[in-house]
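Thanks for coming. I have one structure to go through today, so please have the sequence and the 3D view open.

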Amino acid sequence: MTKMKLAVISGSLREGRYGPGIARWFSEQASTHGLFDLDVIDPADTPLPAALPLSPMELADVSGRTEELRRLADRLERADAFAVVTPEYNHSFPAALKHLIDWHLTQWQAKPVALISYGGQGGGIRAAEHLRQVFGELHAVPIRNWISFDQHWTRFDTDGRLIRDTEGAEAAAKALLDQLGWWSTALRRARLAVPYQAA
C-alpha cells in the first residue's frame, strides 16, 4: 500500500516552546506506525507576511509568492493528512498557527486533521476544540481521537523526550494514527476519483 504523506505542524513560536519536542515525539510514533511518510513543518522556518492577500482568489493563487512561500504551500498541498501540535494560550491556540492556516486556503480541503494539544491543567483541550471549528470551515475533516498533555513541562524533558506515562501516550498515539490512517486513505481515494470542489 502506498504510504500517506503526513504533515506534522508545530504550532507555537513562543520562547522556550515545547512544541517542536512534542512534534518530534509524535513524529517518532508516526514513523513507527508505518503508514505515513512524514514532513515536519515549523512556522518559525518560514515567516509569513503580516498582511493577507485581498481576496480568496488571490489567496488561492500561490504562483506570485516568493519561492520560500511557494515551497511551504506545496508541502501542505502534497500532504494527505495533517497532525497539528498546539499549546493553549488564553483559552485558545496561538496566533502564529492561525496565521499559517489563514495563509493557505485550499491545501486543507478534503483531508483529515489530527490534533495534539498541551497546556496546564486542561492539556490544551480548548485550543483543540477551537481548531476543530477552524478546520471544519476550511473543508478539512478533524478526526475524533486526539492526544492531550496536561502539565506538559512535567512530562517532557528539555530535549523533548517523554518521561512520564509513556505507555499510555504511546497507546493513544497508536489509536489516533490508526484512525488518521483510515481517514487519510479513504479521502485520498475520494480525491483521486473525484477532485474536491468546495461549495
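I will go through the sheet, then one buried serine, then the salt bridges.

Before the details, keep in mind that this is a predicted model.

Let's begin with the sheet. Five strands make up an open sheet, and their order across it is E2-E1-E3-E4-E5. The pairing is parallel. Which strands stand at the edges? They are E2, residues 36-41, and E5, residues 141-150. Each of these has a single partner strand, so one side of each is left without a neighbour in the sheet. From one strand to the next, the twist averages 20°.

Now the pairings, starting from the E2 side. Strand E1, residues 4-10, pairs with E2 in the parallel sense, over six bridges. If you want landmarks to click on, Met-4 has Phe-36 in E2 as its bridge partner, and Leu-6 stands opposite Leu-38 in E2. The connection between these two strands goes through a helix: E1, H1 and E2 make a right-handed β-α-β unit.

Moving on, E1 is also joined to E3, by five bridges, and the two run parallel. Leu-6 appears again here, with Ala-81 as its bridge partner in E3. On the next pairing, E3 and E4 are parallel over six bridges, and Thr-86 stands opposite Ser-117 in E4. E3, H4 and E4 make a second unit to look at, again a right-handed β-α-β unit.

Let me stay on E3 for a moment. How many residues of E3 are buried? Seven of the seven are, so the strand is largely enclosed by the rest of the structure. As background, side chains in a regular strand alternate between the two faces of the sheet. In E3, Ala-81, Ala-83, Val-85 and Pro-87 point one way. Phe-82, Val-84 and Thr-86 point the other way, and residues on both sides are buried.

One helix to find before leaving the sheet is H6, residues 166-193. H6 lies across E1, E2, E3 (81-87), E4 (112-119) and E5. Relative to E5, helix H6 runs at about 165°.

Next, the serine. Ser-12 lies in the loop between E1 and helix H1, the latter being residues 19-33. Is Ser-12 buried or exposed? Its relative accessibility is 1%, so Ser-12 counts as buried. What does its side chain meet? The side chain of Ser-12 makes a polar contact with the side chain of Tyr-89, at 2.6 Å. A polar atom of the Ser-12 side chain also lies 3.2 Å from the backbone nitrogen of Arg-14. Leaving out residues up to four places away in sequence, Ser-12 touches Arg-17, Pro-87, Tyr-89, Pro-94 and Tyr-118. Pro-87 is one of the E3 residues I listed a minute ago.

Last topic, charged pairs. Side chains of opposite charge can pair when their charged atoms come close. How many salt bridges does the structure hold? There are 13, and I will show a few of them.

Start with Arg-126 and Glu-88, whose closest N and O atoms are 2.7 Å apart. Arg-126 is in helix H5, residues 125-137, while Glu-88 is in the loop between E3 and helix H4, residues 95-102. The pair therefore ties together parts that are 38 residues apart in sequence. Arg-126 counts as partly exposed at 41% relative accessibility, whereas Glu-88 counts as buried at 17%.

The next pair is Arg-155 with Asp-150, a salt bridge at 2.6 Å, N to O. In this one Arg-155 is buried, at 11% relative accessibility, and Asp-150 is partly exposed, with a relative accessible area of 24%.

Then there is Arg-161 with Asp-159, where the closest N and O atoms are 3.3 Å apart. Arg-161 has 51% relative accessibility and counts as exposed, since the cut-off is over 50%. Asp-159 is partly exposed, with a relative accessible area of 43%.

Finally, one network: Asp-80, Arg-188 and Arg-191 are linked by salt bridges.

That is what I have, and I can go back to any part of the model.

Terms used. Residues are numbered from 1 along each chain as its sequence is written. This is a predicted model: local features need pLDDT of at least 70, side-chain atom pairs count only at pLDDT 80 or more; totals for chains, interfaces and linings use all residues. Side-chain values use heavy atoms; hydrogens and water are left out. Two strands pair if DSSP finds at least two bridges between them. Helices (H or I, at least four residues) and strands (E, at least two) are DSSP runs, numbered from the N terminus. Axes are lines fitted to C-alpha atoms, for helices over the stretch in contact, and angles run from 0 to 180 degrees between N-to-C directions. Contact means heavy atoms within 4.5 Å. Buried means under 20% relative accessible area, exposed over 50%, partly exposed in between (1.4 Å probe, protein chains only). A polar contact is a pair of N or O atoms within 3.5 Å; within protein, one must be able to donate a hydrogen and the other to accept it, and residues adjacent in sequence count only if both atoms are side-chain atoms. A salt bridge is a side-chain nitrogen of Lys or Arg within 4 Å of a carboxyl oxygen of Asp or Glu. A crossover is right-handed if, with the strands pointing away from the viewer, the path from the first strand over the helix to the second runs clockwise.
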